[in-house]
Amino acid sequence: MANPAVNPVNKGYVSSRLSWLWSEYSVVIAFVVLLLFATIMHDGFLTYANMSNIFRQVAVIGIISLGMTVVMISGGIDLSVGSVLAFIGAITMIVLNDTGSVLAAIAAALFFGLFIGFLNGVMISKGKIAAFIVTLGVMAAARSLGLYIADGGSISGDVDAFRLISNSTLFNVPYPIIIFLLLTVLLHLLMNKTKFGRHVYAIGSNEKGALLSGIPVDRVKIMAYMLCTFLVGVASIIESSRLGSVSTSNTGHLYELDAIAAVIIGGTRMNGGKGKIIGTFFGILILGVLNNIMNLMGISPYLQGVVKGVIIIVAVLLQKRT
Amino acid sequence: MSDYLLEMEGIYKAFSKVEVLKGVDLKVNKGEIHALLGENGAGKSTLMNILGGVLRADAGTTALQGEKQAFLKPGDSKEAGISFIHQELNVISDLTIYENLYLGKEATTKGLLNTRKMIKETQNILDKMDVALDPKTYVRDLDTSYKQIVEIAKALLEDSKIIIMDEPTTSLTDNEISNLMKLMKSLKASGVSIIYISHKLKEVLHVCDRYSVLRNGEFVGSGSIRDTDEEQITKLMVGKELAKEEHYTKRPIGSSKLRVENFSDGTYFRNISFDARAGEVLGFTGLSGDGRSELFETIFGFRKQPSRARIMVNGKPVKIKNPGDAIRAKIGLVPKNRKENAIIKDMSVMHNMSVAGLDHFLTFGFIQSRKEKSKFQAYREKLNIKVSDPNYPITNLSGGNQQKVVLAKWLEVNTDIIILDNPTQGIDVGAKSEIYHLIQELAEQGKAIIVLSTEVPELQKICDRLLVMYQGEIAAELGREEITEETILLHATGSKREEYAYG
């Protein structure tokens with residue numbers, strides 16, 4: 001009690017600044033803490049090889065999460081991403097094998113990404129059906145179509161050049177990582193610096209208000225879902241190139257949950273209007289680092305889901321407090 | 001032992017460095033309706049939140065029937081007999097009336113709900129209030145005024161001695177308001193005190209017994225309603241003479257900007273045709289249910305347009321399928337119910353200003369925040385928007401300032417025709433007068449302004465011409481000199497019908 005008269009004004013200022021810092025960057029702070037913890041726990045953690053490994057593992061789901069962030073900020077959700085990834089993967093492989101052209105395969109993947117997103121978006125906006133329901137249906141349908149095309153099994157690619165996409169590097173950095181980082185920057189700009197981004201936030205926060213401000217709500221929503229599954233198309237190319245084949249029953253299984261988890265950990269609000277691409281970026285890194293450190297420490301892979309589950313819930317709990 | 005039921009003395013409260021209440025007194029008698037008055041931001045809500053236990057005062061005392069109270073949480077003040085009916089009603093639509101009344105304190109026998117007892121008690125209270133409602137009705141099926149009644153019933157069930165009502169009449173129709181007033185008087189007769197917060201001075205003069213006025217967090221006066229009038233109270237609230245201000249300026253009226261022909265949607269309105277001319281302020285009024293808001297929401301493309309209808313802007317027919325089309329046709333709409341329809345609550349003040357006119361801030365497809373900032377600065381000065389940092393969420397602002405930001409949004413879009421639906425809803429005298437000035441200024445620039453309102457003094461102040469609606473039809477056209485409370489009422493109630501000749 002040497003100096004009880006701490007200026008209350010300053011105290012209020014400092015604490016309000018701190019709570020602002022926490023509410024804006026809690027996910028970054030959590031990530032740094034996790035990074036320190038992992039570095040102390042294991043010598044092999046902070047090496048270039050391991051870091052590049054983590055990034056490569058999260059790149060596919062990371063790219064999907066970026067699109068999921070946009071959809072969730074708009075107040076929707078897309079449960080179909082995992083199945084659509086497998087479906088597009090199957091189509092990509094078929095086009096690749098039939099034409100022998102890598103470009104044709106990529107074009108097919110991106111086209112189907114846009115097309116499925118268009119279907120999702122039209123049913124949700126024009127048909128006024130809840131996003132959860134529409135994408136749940138599409139999730140079931142896309143998985144089933146994929147299985148049908150491949151007769152329940154896997155399709156391998158016959159063109160070696162296609163495998164180079166995921167298995168070559170630029171300045172020693174694997175291409176999937178470069179694509180992921182590049183898309184993160186692009187999506188960040190899109191959401192913060194363009195009309196489309198501003199409109200997505202407005203719709204997620206107050207759809208009627210957005211409509212009465214002249215925002216083309218239906219069109220923006222359709223574009224958000226198209227963007228999301230377009231990115232699933234990109235992710236699908238990377239995934240099938242990396243593995244050289246697509247298993248229509250297993251590929252992309254439960255990816256939607258990991259993507260949603262990354263978005264939520266990143267601080268995006270479940271029912272829209274609030275969220276950040278950067279948050280999702282760190283959200284997916286947190287999941288990646290967690291998996292990695294548990295593997296390094298030899299924790300049973302069966303138990304890793306528990307840790308993930310706890311982290312998701314704790315993340316939301318911490319964000320609620322502010 | 002003091003004579004007052006409630007005595008608050010020297011209440012002081014500051015948020016970080018901003019002093020909101022600087023030693024305020026409030027004294028309420030038993031069985032009176034006490035008006036708590038002041039402009040937005042005068043500290044009324046803070047004072048009531050302290051009384052309701054939501055906030056804690058930094059200094060000062062609160063006494064009930066002479067006994068000092070320390071309200072630490074909302075439950076404490078409720079227990080002491082104080083109920084707070086907020087502007088946004090706290091009823092749950094998907095429960096019945098009696099379930100709402102007993103929410104959180106359900107009557108049980110042996111762990112099971114005692115439905116019969118709850119229904120009976122609810123019925124008793126409703127009977128006492130003299131309202132014919134079945135306790136088993138779902139609240140979602142009730143009109144707003146009845147939802148208010150459910151809230152009051154809830155307060156009575158808790159045996160409240162003091163009921164705080166914050167702007168209870170903003171979303172009520174005239175008929176519903178008079179019912180509420182009746183109910184308030186009968187509550188008063190049974191010994192309940194009501195603290196009544198409202199911007200509508202007419203109502204205050206009509207129903208209240210005494211008043212207290214706050215200005216900038218200070219107590220500036222109180223007294224008996226019988227000894228005062230609207231002018232004196234306004235003077236107390238604003239701190240300067242403002243009542244006689246002239247808002248109307250004579251200006252040249254040009255040719256038709258907006259022509260609407262044959263609007264009938266089969267539900268809300270029929271045979272609507274009118275012209276709004278350049279430089280004109282055209283009023284629309286009527287009782288609730290007259291269809292005027294629906295009409296203009298349809299013209300603006302928020303609702304589906306009727307097939308045979310025609311809209312002409314500057315003499316050319318336009319097709320409007322959605323609000324975006326309307327804006328491209330140079331029509332803007334400032335909707336009623338700001339909170340639901342106009343503000344984007346997760347966005348900052350500045351982004352709310354720019355959201356409808358983002359095209360003006362783009363360079364190569366990217367939003368230039370510097371342009372946004374300088375534009376906002378211009379509007380802040382022009383409209384006297386009080387905000388310390390434009391990056392704050394819009395919800396930090398008072399109602400009047402929020403409305404100014406919404407107006408700035410439409411000024412930025414810069415349409416030739418501006419429709420304002422209830423533009424001064426829930427905002428204080430000072431901000432109102434600023435908005436009237438702005439409307440005149442826009443008309444002087446040659447825009448066509450359409451104002452939808454039920455406040456007669458407002459219409460008298462600003463309109464060149466007034467169309468009165470009755471059950472979805474235009475019942476009369478009044479020139480500026482003909483606008484009086486009596487003539488409006490005559491036509492709006494359908495007591496007098498004359499052919500409204502258009503063309």
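Start by selecting B:Thr169, in the loop between β9 (162-166) and α6 (174-189) of chain B. Keep in mind that you are looking at a predicted model. Is B:Thr169 buried or exposed? With a relative accessible area of 0%, B:Thr169 is buried. Leave out residues up to four places away in sequence, and show what B:Thr169 touches: B:Ile177, B:Leu180, B:Met181, B:Tyr196, B:Ser198, B:Lys200 and B:Glu203. Now add B:Gln87 to the selection. B:Gln87 and B:Thr169 are 82 residues apart along the chain, yet 8.8 Å separates their C-alpha atoms.

Next, stay in chain B and pick the strands β11 (residues 210-215) and β12 (residues 218-224). These two pair in the antiparallel sense, over six bridges. To see one pairing up close, click on B:Val213, whose bridge partner in β12(B) is B:Gly221. Then go to the turn: β11(B) and β12(B) make a hairpin with two residues between them. One to click there is B:Asn216, which has a positive phi of about 50 degrees.

Time for some charges. Side chains of opposite charge can pair when their charged atoms come close. Over all chains, a search of the whole structure turns up 31 salt bridges, and a few of them make good stops.

Select B:Glu412 and B:Lys375, a salt bridge whose closest N and O atoms are 3.4 Å apart. B:Glu412 sits in helix α14 (residues 399-413) of chain B and B:Lys375 in helix α13 (residues 369-383) of chain B, so this pair ties together parts that are 37 residues apart in sequence. Turn on a surface here: B:Glu412 counts as buried at 4% relative accessibility, whereas B:Lys375 is partly exposed at 33%.

Stay with α14 of chain B and move on to B:Lys404. The side chain of B:Lys404 meets that of B:Glu434 in a salt bridge, 2.5 Å from N to O. B:Glu434 belongs to helix α15 (residues 429-444) of chain B and B:Lys404 to α14, so here the parts tied together are 30 residues apart in sequence. In this pair the lysine, B:Lys404, is buried, at 5% relative accessibility. B:Glu434 counts as partly exposed at 31%.

For a group of charges, select B:Arg259, B:Glu261, B:Asp275 and B:Arg310 together; salt bridges link these four in a network.

Now show both chains and select B:Asp346. Which residue does B:Asp346 form a salt bridge with? The partner is A:Arg269, and the closest N and O atoms are 2.8 Å apart. This pair crosses between chains, running from the loop between α11 (338-341) and α12 (349-354) of chain B to the loop between α11 (255-265) and α12 (277-296) of chain A. A:Arg269 counts as partly exposed, at 29% relative accessibility.

That lands you in chain A for the last stop, the helices on either side of the loop that holds A:Arg269. Two packed helices are described by the angle between their axes and the distance between the axes. For α11(A) and α12(A), the angle is about 120 degrees and the axes are 7 Å apart. The two helices are therefore oblique to each other, and α11(A) passes α12(A) in a right-handed crossing. To light up the contact, select A:Asp258, A:Ala261, A:Ala262, A:Val263 and A:Ile265 in α11(A). Across from them in α12(A) are A:Thr280, A:Gly283, A:Ile284, A:Ile286 and A:Leu287.

Definitions and conventions: Residues numbered from 1 in each chain as written. Chains lettered and ligands numbered in written order. Predicted model: local features only at pLDDT ≥ 70, side-chain atom pairs only at ≥ 80, totals over all residues. Heavy atoms only, no water. Pairing = 2+ DSSP bridges. Helix = DSSP H or I, 4+ residues; strand = E, 2+ residues; numbered from the N terminus. Buried < 20%, exposed > 50% of the residue type's maximum accessible area, 1.4 Å probe, protein only. Contact = heavy atoms within 4.5 Å. Axes fitted to C-alpha atoms, helices over the stretch in contact; angles between N-to-C directions. Parallel < 35°, antiparallel > 145°, perpendicular 65-115°, else oblique. Left-handed = near helix turned anticlockwise from the far one by under 90°.
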